[in-house]
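Here is a friendly walk through how some helices and strands fit together in one protein chain. Take a moment with the sequence and the structure before reading on.

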Amino acid sequence: MITIKAELFKEIENIIKDLNPKTISNERKAVLQPLIDFIQSKVSKNQEIRINFICTHNSRRSHLSQVWAQTMANYFNIKNVFCYSGGTEATALFPMVAETLQNSGFKINTISKNENPVYSIKYSNNEHPIIGFSKKLDDDFNPKSQFAAIMTCDSANEACPFVPGAEKRIPITFEDPKAFDNTPQQAEKYKERSLQIATEMFYVFSQIKSS
């Protein structure tokens with residue numbers, strides 16, 4: 001049985017407790033199943049689990065996926081999970097993503113301010129922060145082999161039919177909240193996408209059986 005760790009920041013825990021994986025359709029569960037299978041295979045063999053979430057600009061969906069996946073691995077006490085993100089090109093982590101995560105209870109500090117800021121994103125007092133910044137998928141910050149490449153947007157999925165070093169390539173695409181930038185719905189739509197990703201990552205890690 002998987003034991004649940006209670007070391008997340010309280011606000012994040014409260015959000016997780018309100019998530020409803022029953023809202024995930026059977027079609028969507030079929031999309032998520034290859035990631036479940038990849039993680040389960042690694043857990044069963046006591047191997048490290050490396051997951052690189054890839055989007056075109058590594059600015060929105062890939063970061064939300066990286067952060068929530070790492071958080072859910074901790075929540076369900078799945079050990080040796082290392083989540084990354086990258087893009088087919090580097091731009092910058094979009095500020096609304098950092099704001100959305102902060103509003104969900106993550107503690108965010110800006111480590112460096114430039115055209116591509118670097119953020120420290122913490123979900124727990126005792127865990128390493130996630131380092132968030134935009135980078136290409138093959139950046140030195142990311143793994144070179146033995147990882148699953150999760151394609152979080154259609155354009156990256158089409159542009160990268162082959163991801164060098166990836167053990168598995170899995171398309172799990174999300175609608176881009178960028179469509180609502182500079183509109184009155186912006187904050188609401190980023191929160192909506194964040195909660196969708198959180199719910200799906202909750203479902204993925206809830207399916208893993210400890211070895």
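What follows looks at a sheet and then at helices that pack together.

**A note before starting.** The model you see is predicted.

**The sheet.** Let us begin with the strands. Four of them form an open sheet, arranged in the order E2-E1-E6-E7, with parallel pairing. Which strands sit at the edges? They are E2 (81-87) and E7 (166-171), each of which pairs on one side only. From one strand to the next, the twist averages 25 degrees.

Now pick out E1, residues 49-55, beside E2: the two run parallel and are joined by seven bridges. One pair to look for is Phe-53, whose bridge partner in E2 is Ser-85. Helix H3 packs on this sheet, where it touches E1 and E2. The direction of H3 makes about 180 degrees with that of E2.

**Two helix pairs.** H3 also leads us to the next topic, helix packing. Two packed helices are described by the angle between their axes and the distance between the axes. Here are those values for two pairs that share H6.

| Helix pair | Axes come within | Crossing angle |
|---|---|---|
| H3 (residues 61-75) and H6 (residues 186-206) | 9 Å | roughly 40 degrees |
| H4 (residues 95-103) and H6 | 10 Å | roughly 65 degrees |

How should we put these angles into words? H3 and H6 cross at roughly 40 degrees, and are therefore oblique to each other. H4 crosses H6 at roughly 65 degrees, which makes H4 roughly perpendicular to H6. The crossing of H3 and H6 is right-handed, and the crossing of H4 and H6 is right-handed too.

**Where H3 meets H6.** On the H3 side, the contact includes Leu-64, Trp-68, Met-72 and Tyr-75. Among the H6 residues they face in this contact are Ile-197, Met-201, Phe-202 and Phe-205. By class, the contact of H3 with H6 has eleven nonpolar, two polar and one charged residues.

**Where H4 meets H6.** Which residues of H4 take part in the contact with H6? They are Met-96, Val-97 and Thr-100, and they meet Gln-186, Ala-187, Tyr-190, Lys-191 and Ser-194 in H6. The residues of this contact divide into four nonpolar, three polar and one charged.

Ser-194 is a good residue to find in the structure: this H6 residue is listed in the contact with H3 and also in the contact with H4.

Methods:
Residues numbered from 1 in each chain as written. Predicted model: local features only at pLDDT ≥ 70, side-chain atom pairs only at ≥ 80, totals over all residues. Heavy atoms only, no water. Axes fitted to C-alpha atoms, helices over the stretch in contact; angles between N-to-C directions. Helix = DSSP H or I, 4+ residues; strand = E, 2+ residues; numbered from the N terminus. Parallel < 35°, antiparallel > 145°, perpendicular 65-115°, else oblique. Left-handed = near helix turned anticlockwise from the far one by under 90°. Contact = heavy atoms within 4.5 Å. Nonpolar A, V, L, I, M, F, W, Y, C, P; charged D, E, K, R; others polar. Pairing = 2+ DSSP bridges.
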